[in-house]
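Here are some notes to read alongside the model, arranged as numbered points. They begin with one pair of helices and then turn to other parts of the chain.

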Amino acid sequence: TPSNNNNNSSSGYNTDPKFAKYNKMASMNIPEGAILQKMRQDGLFESDIKEFLSGGGNNNTTNTTSTSKPSNTPSNNNNNSSSGYNTDPKFAKYNKMASMNIPEGAILQKMRQDGLFESDIKEFLSGGGNN
């Protein structure tokens, strides 16, 4: 239908080739929130995400130096697991998720899906086992 073909990639997102992966996701009618989460998971800077959302065509004058994953920047590597989460071995799976820059909300959702109690989740978030 015409409404599906004009949903995302051709109506508003930046068509710069560096965003091809995300435009393809949009053309498959994947929700914008999921696309943004994937962009963050892939390590794109917020400025790149804003550039993608701003639309426009090949806007080569817009900050082409930070087009892909940042390489081991402290702000990305210390995002989650080494900055405040409990390192108890029972939380190893969730610390690994955090080290992969998966958003905290997604980690909490996975913890609940795995059947952890809210007290365990609070313990994980507190950053220490011995309060």
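1. In this predicted model, helices H6 and H7 cross in a right-handed sense. The two helices pack at an angle of about 160 degrees, with their axes 10 Å apart, and H6 and H7 are therefore roughly antiparallel to each other, given that angles over 145 degrees count as such. H6 covers residues 92–99 and H7 covers residues 104–113, with a loop between them.

2. Which residues of H6 and H7 meet? From H6 come Lys93, Tyr94, Met97 and Ala98, and these meet Ala106, Ile107, Lys110 and Met111 of H7. Sorted by class, the contact of H6 with H7 comprises six nonpolar and two charged residues, with no polar ones.

3. The loop between H6 and H7 contains asparagine 101, a residue that has a positive phi of about 60 degrees although it is not a glycine. Is asparagine 101 buried or exposed? With a relative accessibility of 15%, asparagine 101 counts as buried, the cut-off for that class being under 20%.

4. Earlier in the sequence, helix H2 (residues 20–27) and helix H3 (residues 32–41) have axes that come within 10 Å and cross at roughly 160 degrees. That angle makes H2 roughly antiparallel to H3, and the crossing of the two is right-handed. By class, the contact of H2 with H3 has six nonpolar and two charged residues, and no polar residue.

5. The residues behind that description are Lys21, Tyr22, Met25 and Ala26 on the H2 side, which meet Ala34, Ile35, Lys38 and Met39 on the H3 side. A reader who wishes to inspect this contact in the displayed model may start from tyrosine 22, which lies in helix H2 and is treated separately below.

6. Tyrosine 22 has a relative accessibility of 4% and counts as buried. Once its neighbours within four places in sequence are left aside, tyrosine 22 is in contact with Ile35, Lys38, Met39, Asp42, Leu44 and Phe52. As for alanine 34, its C-alpha lies 9.9 Å from that of tyrosine 22, the two residues being twelve apart in sequence.

7. Asparagine 29 sits in the loop between H2 and H3, and although this residue is not a glycine, its phi is positive, at about 60 degrees. Where does asparagine 29 fall in terms of accessibility? Its relative accessible area is 33%, and asparagine 29 is accordingly partly exposed.

8. Helix H3 also packs with helix H4 (residues 46–54): the axes of H3 and H4 come within 10 Å and cross at roughly 145 degrees, and H3 passes H4 in a right-handed crossing. On the H3 side the residues that take part are Glu32, Ile35, Leu36, Met39 and Arg40, and they meet Glu46, Ile49, Phe52 and Leu53 in H4. By class, this contact of H3 with H4 has six nonpolar, no polar and three charged residues.

9. Ile35 and Met39 deserve a look in this context, being among the H3 residues that meet H2 and also among those that meet H4. Both are, in addition, among the contacts of tyrosine 22. Phe52, for its part, is one of the H4 residues that meet H3, and it too is in contact with tyrosine 22.

10. Phenylalanine 52 can also be considered together with threonine 15, a residue found in the loop between helix H1 (2–5) and H2. These two residues are 37 apart in sequence, and their C-alpha atoms are 7.8 Å apart in space. Threonine 15 counts as partly exposed, with a relative accessibility of 44%.

11. For the protein as a whole, how many helices and strands are there? There are eight helices and zero strands, and the pattern read along the sequence is α-α-α-α-α-α-α-α. Among contacts between residues at least 6 apart in sequence, 46% join residues at least 24 apart.

12. Of the 131 residues of the protein, 31% count as buried. The protein exposes about 7900 Å², and carbon and sulfur atoms supply 50% of that area.

Methods
Residues numbered from 1 in each chain as written. Predicted model: local features only at pLDDT ≥ 70, side-chain atom pairs only at ≥ 80, totals over all residues. Heavy atoms only, no water. Axes fitted to C-alpha atoms, helices over the stretch in contact; angles between N-to-C directions. Helix = DSSP H or I, 4+ residues; strand = E, 2+ residues; numbered from the N terminus. Parallel < 35°, antiparallel > 145°, perpendicular 65-115°, else oblique. Left-handed = near helix turned anticlockwise from the far one by under 90°. Contact = heavy atoms within 4.5 Å. Nonpolar A, V, L, I, M, F, W, Y, C, P; charged D, E, K, R; others polar. Buried < 20%, exposed > 50% of the residue type's maximum accessible area, 1.4 Å probe, protein only. Areas by Shrake-Rupley, 256 points an atom, 1.4 Å probe, with all protein chains shown as cover.
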